[in-house]
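Me: Could you take a close look at a single part of this model and explain how it is built and what surrounds it? I would prefer one connected account, with the cut-offs stated where they matter.

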Amino acid sequence: MDKKRLANLILIIGVLSVFIFISMAYGLSDAFKENIYKVGTLKPIDSKLKVKVGQRAPDFTLPAVSGENVSLNQYRGKKNVVLSFVPAAWTPVCSDQWPGYNIVKDIFEQNDAILFGITVDNIPTLFAWTNQMGKLWFPVLSDFWPHGAMAKKYGVLRSKGVTERVLFVIDKKGIIRYIDVHDINKRPPLEDLVNALEKLRK
Amino acid sequence: MKGGKAVKKILMSLAVVAILFFMFVSPALAANAPPSKGEVLPVINLPIPKNPVEKGYLGLSGDGLFKIPQIKAKVVIVEVFSMYCPYCQKDAPGINELYRAIENDPDIKTKIKIIGIGAGNSPYEVGVYKKTYDVPFPLFGDKDFTIHKVLGEVRTPYFIVIKINDNGTHQIVHSQLGGFQGAEPFLEIVLKSSGLK
């Protein structure tokens, strides 16, 4: 009997210890105070890409936080386009990704590129969240309704309705030149994106 | 019934492995509490800067790694920052001003040094931050959050003021999350807490 109790105790402690001791290292900015919802560790990738490098990027029109509608086609022949999907507003890694892009406008300009930040959150949520980041120089687009339709078209909508943490680089001809469907739990290193942009010039 | 027993046996094995893991491995990986006043700094190994100006600023020589208390100073201010952190970006000019206030004062110039550790930042990202804000003091990357974990996974920016004693021992005399008061008031805190004033 005692042996059985001990076994059950070990079982309970073992299972609980996984939850108690798992800690996440986000390096989160104090700018967001206590308002960031901890999501824990998620399945790194939970969708299947429907586009690939070398293929024409599917067109889209999405509303921006600034109030205008933005279409990919508008930039054909004019600018390289970077799409930065982040999973959700007010979550740990996402909140510390775009503020970094916000201080490297010059790198995008040197590579004749425009950046679009995209999530499946609605406009008011994106408005409140991005306000905490300071004034962003790039448009933030909402793929809220029909929910995640554009993300679905690209094959980056996860099973629980948020998107992957993914970067697409689309050249002036509208061709996808780089895709990084990143582990959702980690921030993509900036240098990988910069390398991809610099390759467009070669 | 037999199936149930088998499942339980597997779960038991997993539980034992989990307990052993968290008993022996986790303490090395898990976050400590954020550093606070009166404590010693956790052991942090940083690469000796290759840049001779930075190396000279910290009073270090040779190559390899160094520990923060080896910096030739009476007081070291550590800023845990991130290139991706809006408050760090906002405070960057103020921290530069703090550096200049120290460097322009012959009484404290050799006694107080500043370094920055970029939580989760690659060397490239640290370089971008340094260039964007023209940061004059040495910055170090921490791409895999290794140092950040040892420092209790603090939010950024986080400031730690370390007093280095003549006998080589040290202690944290001040730490704060964000809320940078500006160069002069912060310097005042550093001077008072470290006993330099």
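**A helix against its sheet**

Reply: In chain A, 69% of the contacts (C-beta atoms, placed from the backbone, within 7 Å) with a separation of 6 or more join residues 24 or more positions apart. The model is predicted, so local features need pLDDT of at least 70 and side-chain atom pairs pLDDT 80 or more, while totals for chains, interfaces and linings use all residues. Residues are numbered from 1 along each chain as its sequence is written, with chains lettered from A and ligands numbered from 1 in written order.

Chain A holds 7 helices and 7 strands (DSSP runs of H or I, at least four residues, and of E, at least two, numbered from the N terminus), and 38% of its 202 residues are buried (20 or more other C-beta atoms within 10 Å; exposed means 12 or fewer).

The part examined here is helix H7 of chain B, whose 12 residues reach 16 Å from first C-alpha to last, close to the 16 Å expected (1.5 Å times one less than the number of residues). Its buried residues are Phe186(B), Leu187(B), Val190(B) and Ser194(B); because they cover an arc (of directions from the helix axis to the C-beta atoms) of only 100 degrees, they lie on the same side of H7(B). The face turned away from that side carries the exposed residues Glu184(B), Pro185(B) and Lys192(B), and just after H7(B) comes Gly195(B), with a positive phi of about 80 degrees.

The buried residues of H7(B) pack against S3, H4, S4, S6 (158-164) and S7 (170-177) of chain B. Those strands belong to an open sheet of 5 strands, ordered S5-S4-S3-S6-S7 in chain B with mixed pairing (at least two DSSP bridges between two strands). Strands S5 (139-142) and S7 of chain B are at the edges with a single partner strand each, so one side of each lacks a neighbour in the sheet. S6(B) and S7(B) pair in the antiparallel sense over 7 bridges, and Lys163(B) stands opposite Gln171(B) in S7(B). H7(B) packs on the sheet by touching S3, S4, S6 and S7 of chain B, and its direction makes about 150 degrees with that of S7(B) (lines fitted to C-alpha atoms, for helices over the stretch in contact, with angles from 0 to 180 degrees between N-to-C directions).

H7 (183-194) of chain B in turn helps to cover the buried residues of H4(B), as do S3 (75-81), S4 (112-119) and H5 (123-133) of chain B and H3 (98-101) of chain A. Among those buried residues of H4(B) are Tyr87(B), Ile95(B), Leu98(B) and Ile102(B).

Technical notes: Two residues are in contact if their C-beta atoms, placed from the backbone, lie within 7 Å.
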